[in-house]
Amino acid sequence: MFHANPNLLALVADVMGGAPKLSVHLARHPSAMDAVLSPDFFDPPPATDDLRLELDRTLAEARNFEDVLDLCRRWANDRKLQAGVQALRGLIDWVQAGAALSDIASVAIGGLQASVLDEFAKTHGRIAGGGWVVLAMGKMGAYELNYSSDIDLIVFYDGDVVDAPNPDQTHRAFVNLARDLVARHGG
């Protein structure tokens, strides 16, 4: 890969030498290097709506829930690498990179909600007559995420669980749903 793309080796050297968190990210997700070869990698970060459409197209390829998780994780890793490399190279500043990372997290969480809810229903039942909203706090809520940031979320819910072994346990069901969403985001 480096022989065919000498600029890629220079980029990896820049990342390893100048961005410790980004180099850890790249070491944990080496498949993200494929994204560097895409023609739009150095274009400015896309708008949130464009990210949503892109993730929706990506997730449409999923055959099952595990595919949804893997595809979402890969998509998020590729986009996080892009934002970090662009900031490292001075194409965007770190404030713009923080906003891009926040957009990526927000779109990934939103993109997983329906699949997590469907998978959740297999074990805990459907949630009828209500809904849920995920509110980002901290660095994500302020659109200042960086590679060291935790993602702090609050889940507000309303509704009753139906088709479950214990339908009166709405609170426990939503706690489990929030846990599953956070655990599944993983990217």
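# Group meeting: a walk around a predicted model

Okay, let's start at one residue. If you skip the neighbours within four places in sequence, Ser 102 is in contact with Lys 139, Met 140, Tyr 143, Glu 144 and Leu 145. Before I go on, keep in mind that this is a predicted model. Where does Ser 102 sit? Its place is in helix α6, which runs over residues 94-124. And is Ser 102 buried or exposed? The relative accessible area comes out at 0%, so Ser 102 is buried. One of those contacts has a polar side to it: the Ser 102 side chain reaches the backbone nitrogen of Leu 145, at 3.4 Å.

Next up, helix α5. I did the usual sanity check on its length. There are 24 residues in α5, residues 65-88, and at 1.5 Å a residue they should span 34 Å. The end C-alpha atoms of α5 are 35 Å apart, which agrees. How many of the residues of α5 are buried? The count is 18 of 24, so the helix is mostly covered, given that buried means under 20% relative accessible area.

Have a look at the two ends as well. At the start of α5, Asn 64 has a side-chain oxygen that reaches to within 3.1 Å of the backbone nitrogen of Glu 66. Following α5 you get Gly 90, with a positive phi, near 80°.

Staying with α5, there's a charged pair on it. Asp 78 and Arg 74 meet through their side chains in a salt bridge, at 3.8 Å from N to O. They are four residues apart in helix α5, so about one helical turn separates them. The two partners are covered to unlike degrees: Asp 78 counts as buried because its relative accessibility is 18%, while Arg 74 is partly exposed, with a relative accessible area of 37%. If you want to set up this region, bring in Asp 34 too: Asp 34, Arg 74 and Asp 78 are linked in a network of salt bridges.

So how many salt bridges does the structure hold? Eight. The general idea, as you all know, is that side chains of opposite charge can pair when their charged atoms come close. Let me pick out two others.

Here's one: Asp 14 with Arg 89, where the closest N and O atoms are 2.9 Å apart. This pair links distant parts of the chain, with Asp 14 in helix α1 (residues 6-18) and Arg 89 in the loop between α5 and α6, 75 residues apart. Asp 14 counts as partly exposed, at 35% relative accessibility, and Arg 89 is partly exposed too, with a relative accessible area of 37%.

Asp 14 turns up again when you look at Ala 19. Apart from neighbours within four places in sequence, Ala 19 is in contact with Asp 14 and Leu 88. Ala 19 is found in the loop between α1 and α2, and it counts as buried because its relative accessibility is 8%. Ala 19 and Ala 87 are 68 residues apart in sequence, with C-alpha atoms 10.0 Å apart in space.

The other salt bridge is in helix α4. Arg 52 pairs with Asp 49, and the closest N and O atoms are 2.8 Å apart. Both lie in α4, three residues apart, about one turn of the helix. Arg 52 is partly exposed, with a relative accessible area of 40%, whereas Asp 49 counts as exposed, at 51% relative accessibility.

Also in α4, which covers residues 48-59, is Leu 53. Leu 53 counts as partly exposed, at 48% relative accessibility. Leu 53 and Gly 111 are 58 residues apart in sequence, yet 9.8 Å apart in space, C-alpha to C-alpha.

Last stop, the strands. Which residues form a nonpolar patch on the surface? Val 133, Leu 135, Met 137, Ile 154 and Phe 156 do, and together they have about 420 Å² of accessible area. β1 (126-137) and β2 (152-162) each supply at least two residues of that patch, and β1 gives the most, with three. Phe 156 is found in strand β2. At 47% relative accessibility, Phe 156 counts as partly exposed, because the cut-off for exposed is over 50%.

That's my tour, so over to you for questions.

Definitions and conventions. Residues are numbered from 1 along each chain as its sequence is written. This is a predicted model: local features need pLDDT of at least 70, side-chain atom pairs count only at pLDDT 80 or more; totals for chains, interfaces and linings use all residues. Side-chain values use heavy atoms; hydrogens and water are left out. Buried means under 20% relative accessible area, exposed over 50%, partly exposed in between (1.4 Å probe, protein chains only). A polar contact is a pair of N or O atoms within 3.5 Å; within protein, one must be able to donate a hydrogen and the other to accept it, and residues adjacent in sequence count only if both atoms are side-chain atoms. Contact means heavy atoms within 4.5 Å. The expected span of a helix is 1.5 Å times one less than its number of residues. Patches are made of residues with over 30% relative accessible area and no salt bridge: like charges are joined within 9 Å, nonpolar side chains (Val, Leu, Ile, Met, Phe, Trp, Tyr) within 5 Å. Accessible areas come from the Shrake-Rupley method with a 1.4 Å probe; for residues, only the protein chains shown count as cover. A salt bridge is a side-chain nitrogen of Lys or Arg within 4 Å of a carboxyl oxygen of Asp or Glu.
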